[in-house]
Structure formats: structure tokens, C-alpha cells
Amino acid sequence: MHTNTENLQVVVLAAGKGKRMKSDLPKVLHKLCGLTLLERAIRSVRGLSPKRITIVAGHGEALVRDHLESVDFGSAEMRIAVQSEQNGTGHAVLMAFDDLDPEVEDVLIIPGDTPLLREATYEPLLHNREAVVSVLTSVVENPYGFGRIERANDGSVKAIVEDRDCSDSQRSINEINSSVYLAKQSFLREVLPKLGSNNAQGEIYLTDIVGAAVKQGRSVRGAVCEHSSHVAGANSRYELALLEVVRRHEINKHWMDEGVTFEDFRTAYIDEDVELGRDCLIGPGVSISGRCVLGAGVCVEAHSTIQSCNISEGAHVKFSSHLEQAEVGPRCMIGPFARVRPQTKLGAEVRLGNFVETKKAEFGAGAKANHLSYIGDARVGPKTNIGAGTITCNYDGYNKHVTNIGTDVFIGSNTALVAPVTISDGAIVGAGSTITKDVPKDALGVARARQNNVEEYALRKRREHSKD
Ligand code: UD1
Ligand code: CA
């Protein structure tokens with residue numbers, strides 16, 4: 001963007017309850033593609049390097065404050081202004097006055113509930129900063145619920161009229177107010193304190209600064225945004241969901257442009273902070289959320305869920321697996337139906353098969369647990385094979401204990417490893433064992449009742465029964 005943004009500060013309106021969401025959570029903390037609406041608003045302006053970003057919080061202020069601690073404001077100073085009673089968008093800006101940087105005239109005001117705003121959206125407003133107030137507008141098919149832009153014959157903006165306050169002819173105007181404004185601080189300080197609340201909602205409307213400017217004979221610039229979805233507010237869950245579809249499509253299209261194949265891009269849910277390598281293959285119904293990095297050529301089959309994981313190149317996550325906060329090495333094979341829980345670390349070419357659950361477990365390169373196992377609080381050495389039905393008994397009812405399994409170990413099927421316990425390199429554990437003592441290097445550990453065969457027992461039973 002070729003805009004001079006050095007002399008700019010931002011106010012984000014985020015105090016409203018969001019009544020139409022019908023939620024205990026403030027509206028701006030609802031998420032779209034993994035990021036809250038508020039975080040999205042802040043990210044959209046971060047690249048403009050504003051001197052200061054002031055967030056107006058009110059409804060759910062404590063929750064909003066907590067959330068803001070984890071948000072990156074880039075080089076901008078962050079301030080929180082409090083609007084304890086939500087008396088309207090104009091009142092919200094009044095409440096921010098004490099937190100404005102007095103040195104910075106240009107104030108970009110943005111709504112906190114407009115999730116698809118992005119840096120480029122502000123360009124039409126920022127490239128011409130002469131007017132005391134400019135408003136970003138958009139022409140939409142269905143203007144229902146938005147403030148309408150009334151233009152004078154010369155094309156300048158005359159007024160903004162809220163949906164509820166519209167006359168029939170005003171209601172048919174389809175140029176709407178985005179709630180994004182660029183205003184001079186001195187002008188805001190002059191007019192805002194004088195605005196009334198004589199409208200359908202009895203609130204102080206920020207939109208009325210336009211009428212106030214016109215009254216003073218100053219011209220108001222209306223800059224049109226070509227992409228109406230970028231300035232659409234999310235007032236209800238349905239509106240939010242519709243915008244999420246738009247963003248999800250953009251994200252998936254971006255990754256396709258980067259060389260990712262989607263078997264059905266309409267049903268793959270890729271969050272904002274996910275990175276996909278070239279030649280990744282993403283199946284239908286896959287969800288990849290949080291911060292994830294997938295290396296080149298990773299395949300994620302249908303209906304798998306991946307949350308906050310690093311997955312190295314060439315790994316293959318088969319049908320319906322669930323991975324959470326795990327590190328997966330190159331060319332691992334996981335699933336189908338595997339559950340890889342937090343703090344699992346897999347080296348290269350590890351295999352975890354169907355109905356295998358891991359938690360806080362490290363697997364060395366080439367280790368395998370192919371069927372029906374629980375491996376928790378464990379270290380499994382390279383090349384070790386864990387037989388079907390192996391359980392690390394890591395919990396004694398009070399504490400968790402560690403199971404240590406060395407390199408090239410063979411654990412027979414249906415083994416219970418009662419932690420703390422160590423199976424050293426090269427050892428074999430007989431199938432069906434309940435191992436409570438360490439097994440030394442290269443030894444065989446067996447812990448099960450000896451087998452007793454009773455000759456011809458079955459034959460005698462059959463004969464007894466055939467007499468009846
Ligand atoms: C507002 C505009 C409308 C515009 C629409 C665009 C006004 C009066 N109306 O309507 O012209 O078309 O946005 O999406 O400005 N907020 C506060 N304090 C308050 C009230 C609201 O901080 O007292 C915040 C909300 O948290 C929200 C933003 O301001 O992030 C907009 O408020 P909202 O109630 O959603 O306004 P709309 O009815 O959508
Ligand atoms: Ca809104």
C-alpha cells in the first residue's frame with residue numbers, strides 16, 4: 001500500500017453486547033476461522049503501523065481484557081478505553097477520548113464485529129485525508145439492517161440514516177455504511193459531545209457526525225469498497241456463519257494457489273494460522289485448526305481433525321484420526337482412527353495404527369504401534385514394535401509414572417506395562433504379560449500363567465453330551 005500511515009491512530013469499537021448473537025460471550029470474542037472478531041480487527045490494521053490502537057471495551061470487559069493479552073499489536077501502543085454503559089457507537093468514541101494520542105490527528109475508527117476487514121480495505125479512505133470525516137461505504141444487494149448513505153446531488157455524503165430510522169424511500173438506498181471512518185481528532189472533539197440521542201434506539205450514533213459536518217458546511221467523503229463482504233458486520237450467528245464460508249473459501253483458494261490439493265474444498269476447514277506445504281492433499285471433512293504447520297506432501301484423509309500440530313513432510317494421516325498438540329516426524333503413518341494427544345512426539349517414519357491412543361509419548365524413528373494400544377507417559381525407542389493391545393498402565397490412582405522402552409524392543413500383544421518400568425534395548429516381552437519389573441537388555445520378559453493342556457478333555461466332554 002502506498003499510503004502514508006505514520007500519522008494515524010485507530011479506535012476499535014468493541015463494547016457492545018451483541019444482543020442478536022444471544023450469547024454469554026461478548027460478540028467480539030466469537031471466532032471466525034480460528035480467530036476472534038476482535039483479533040481480526042486488530043490484525044487488519046496492524047500492517048498500517050498506527051501509533052496507537054485504542055480498544056473500546058464494555059460488555060464482558062474482563063473477558064475482553066484477558067483476551068487482548070494474547071493478541072499481537074505489532075508496533076502499535078495498545079490502550080483499553082471503557083464504555084461501561086453501551087449508549088451507542090458515538091458514545092463509545094467519546095469514551096475513548098482520554099485514550100487518544102493528542103498528537104495524532106487522523107483517527108481510523110473501525111467496528112469490532114466486521115471480520116473480513118483487511119489492510120487493503122482501508123486504502124480508499126487513507127489515500128485522501130483532506131475531509132474532516134470520510135466514511136467507507138459499499139453497495140449491497142440486501143441493505144437490511146445497515147445504515148444507509150444519503151448522497152447530495154454533487155455526490156458528497158449528506159447523512160447516514162440507520163435502518164430503524166429510515167423513511168420508505170431511504171430504505172430502498174442500497175449504499176450502506178461500513179462503520180469504518182477516518183476522522184480528524186479535532187473534529188471529533190468538537191462535534192461528538194454535542195450529539196443527541198433522538199433516534200429509534202435512544203443512543204448516541206457515531207453516524208451523526210456526518211450530518212454534523214454537513215451542517216457546518218464541510219464536505220464528507222464517501223469512499224466505496226468494492227467487496228461488500230469485506231465490510232459486512234456479523235450481528236447474528238447466521239451472518240457470522242455466512243462470512244465464515246467466504247473466508248474459508250478464500251483460505252482454501254490461497255492454499256490451492258500454493259500447490260495444495262483439496263478433494264472437496266467446500267468441506268475442508270483450515271484455520272487462519274495454518275500453513276500447508278506444497279503438494280499436501282486434504283480430504284473432505286478435514287479440520288485443521290489453531291497454529292499448525294504441515295510440511296510438503298502431507299496427506300490428511302477424510303474426517304481427520306488436527307489441532308495445533310507440526311507435521312513434517314510426507315506424513316500420512318489416514319481416515320478419521322484426531323491429532324492434538326503433537327509433533328509428527330517425516331513420513332509417519334497415522335490411523336485410520338488414531339488418537340494422538342498432547343505432547344506426543346513422533347520421530348521419522350513412525351506408524352500408529354487403528355485405535356491407538358498416545359499421550360505425552362515419544363516414539364523414536366521407525367517405531368510402530370499398529371493396533372489397539374494406549375501409550376501414555378512413555379518413551380519408545382527407535383525401531384521398537386508394540387504389539388496389538390499393549391497398554392502402558394501409567395496411573396496408579398494417585399500419580400502418573402513413566403514407561404521407558406528401549407531401541408529395537410518387541411512387546412508382544414496384549415501386554416500391560418505397569419509403570420514405572422523399563423524395558424531395555426533389544427528385549428522381548430511375551431504376549432499377554434503383565435510386566436511389573438524391569439526387563440534387562442536383550443532378555444525375554446514373560447509374566448503370565450503357564451499353559452496347562454489336559455489331553456482329550458474336549459473329546460470326553462463331547463462324548464458326555466452326545467449321550468443325552
Ligand atoms: C452500525 C452502524 C451502521 C452500519 C453498521 C455496519 C451506528 C449507529 N450504526 O450498526 O450505520 O451500517 O454498523 O456494520 O453506528 N459498539 C460499542 N458501543 C456501543 C454500541 C456498539 O462499542 O454502545 C460497538 C459494537 O461492539 C460493534 C460496533 O460498535 O463492534 C457496531 O455496533 P453494532 O451494534 O453492531 O451496530 P450496527 O447495528 O451493526
Ligand atoms: Ca454490527
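Which residues lie nearest the centre of the largest pocket? To find them in this predicted model, select R20, K27, D113, G145 and N235, which lie nearest the centre of that pocket.

**The largest pocket**

Next, extend the selection to the full lining, which consists of 50 residues. The space they enclose in the largest pocket amounts to about 1700 Å³.

Now colour the secondary structure elements that contribute to this lining. Select β1 (8-14), α3 (89-95), β10 (175-184) and α8 (237-257); each of these supplies at least two lining residues. Pause at α8, the element that gives the most to the lining of the largest pocket, with five residues.

Then colour the lining residues by class. In the largest pocket, 18 of them are nonpolar, 21 are polar and 11 are charged.

**The second largest pocket**

Move on to the second largest pocket, where about 440 Å³ of space lies. Select L195, D208, G211, A212 and K215: of the 19 residues that line this pocket, these are the closest to its centre.

The elements to display here are β9 (157-161), α6 (185-191) and α7 (208-215), which give two or more residues each to the lining of the second largest pocket. Which element provides the largest share of this lining? Select α7, from which four residues of the lining come, the largest share for the second largest pocket.

Finally, colour this lining by class as well. The second largest pocket is lined by six nonpolar, seven polar and six charged residues.

Technical notes. Residues numbered from 1 in each chain as written. Chains lettered and ligands numbered in written order. Predicted model: local features only at pLDDT ≥ 70, side-chain atom pairs only at ≥ 80, totals over all residues. Heavy atoms only, no water. 1 Å grid on protein atoms, 1.4 Å probe; cavity = no way out; pocket = protein on both sides within 12 Å on 5 of 7 lines; lining within 4 Å. Points joined across faces, edges and corners; volume = space filled by probe spheres on them. Nonpolar A, V, L, I, M, F, W, Y, C, P; charged D, E, K, R; others polar.
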